[in-house]
Amino acid sequence: MSYPLAYYFTKKGGQSSLLSYGIPNENELISNPEINAPLKKAFDLQPGFLSKLVNENGATEEWEVFKDELGQSYIYSKTTGAVAYFINNGTMFYFTSFYGDKTSLLHYFYLAAYKVIFNDAGYIQANDEFPVPLTHNKTLLWLQDFIAPFYRFISIKYKSGIQLKKTGLNIVSKQYQEIAGKTMPLTESTVLVDHGSLQAFVININGQHIEAQWSTEN
């Protein structure tokens, strides 16, 4: 009887992919996920975690981590009221949903760190897809909703990887939109991690360059 593995890497054509709850093929070369401890620690956001971020203009935003009655973890922005739900399973961190102010630093962090694998091998990338409503084009959204039962022609993709530095590491990510087979870049982001802590992030979105630094955390 075959049993699925929780998480494992498979290598094909010089690239590795992280698979979850799958059954490897016969003779397939697989390996256990090697966890980068400082990166994992940086995203260990437990209930009661408090942090304050400061953007390039000196404006601040305060966050706190909670768990709801179903045991789901989320970051709450005390400044804007925005909420971002997330999961940390020990192998990766990923957001599941966002509600609220889309000009908040929390929303920009949601875009930048949508999915992060706790592995620092440069050839390993995290890939995912955002909910379609993330697009700002209302006409395209209406058209997608109309034909959704038959065809999905809009997709918003996310890709991230790790770059090791002399001190710490960077999580570099991109977000791009695919419409009927045509690709258009949307955002580019970098999250800086050092000494097991989130330090700062930068994001280029809609012609804006936004920077934010963590000034306090616990």
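Trainee: How much surface does the protein chain expose, and what share do carbon and sulfur atoms supply?
Mentor: The protein chain exposes about 12,400 Å², and carbon and sulfur atoms supply 51% of it. Such accessible areas come from the Shrake-Rupley method with a 1.4 Å probe; for residues, only the protein chains shown count as cover. This is a predicted model, where local features need pLDDT of at least 70, side-chain atom pairs count only at pLDDT 80 or more, and totals for chains, interfaces and linings use all residues. Residues are numbered from 1 along each chain as its sequence is written, and side-chain values use heavy atoms, with hydrogens and water left out.

Trainee: Why is Ser97 called buried?
Mentor: Buried means under 20% relative accessible area, exposed over 50%, and partly exposed in between (1.4 Å probe, protein chains only). Ser97 has 15%, so Ser97 is buried.

Trainee: Where is Ser97, and what does Ser97 touch?
Mentor: Ser97 lies in strand 8, residues 92–99. Strands (E, at least two residues) are DSSP runs, numbered from the N terminus. Leaving aside residues up to four places away in sequence, Ser97 touches Val83, Ala84, Tyr85 and Tyr110. Contact means heavy atoms within 4.5 Å.

Trainee: What makes His195 buried or exposed?
Mentor: His195 has 69% relative accessibility, so His195 counts as exposed. His195 sits in the loop between strand 13 (182–194) and strand 14 (197–205). The phi of His195 is positive, about 55°, although His195 is not a glycine.

Trainee: Why is Asn206 called exposed?
Mentor: The relative accessible area of Asn206 is 58%, so Asn206 is exposed. Asn206 is in the loop between strand 14 and strand 15 (208–217).

Conventions
Helix = DSSP H or I, 4+ residues; strand = E, 2+ residues; numbered from the N terminus.
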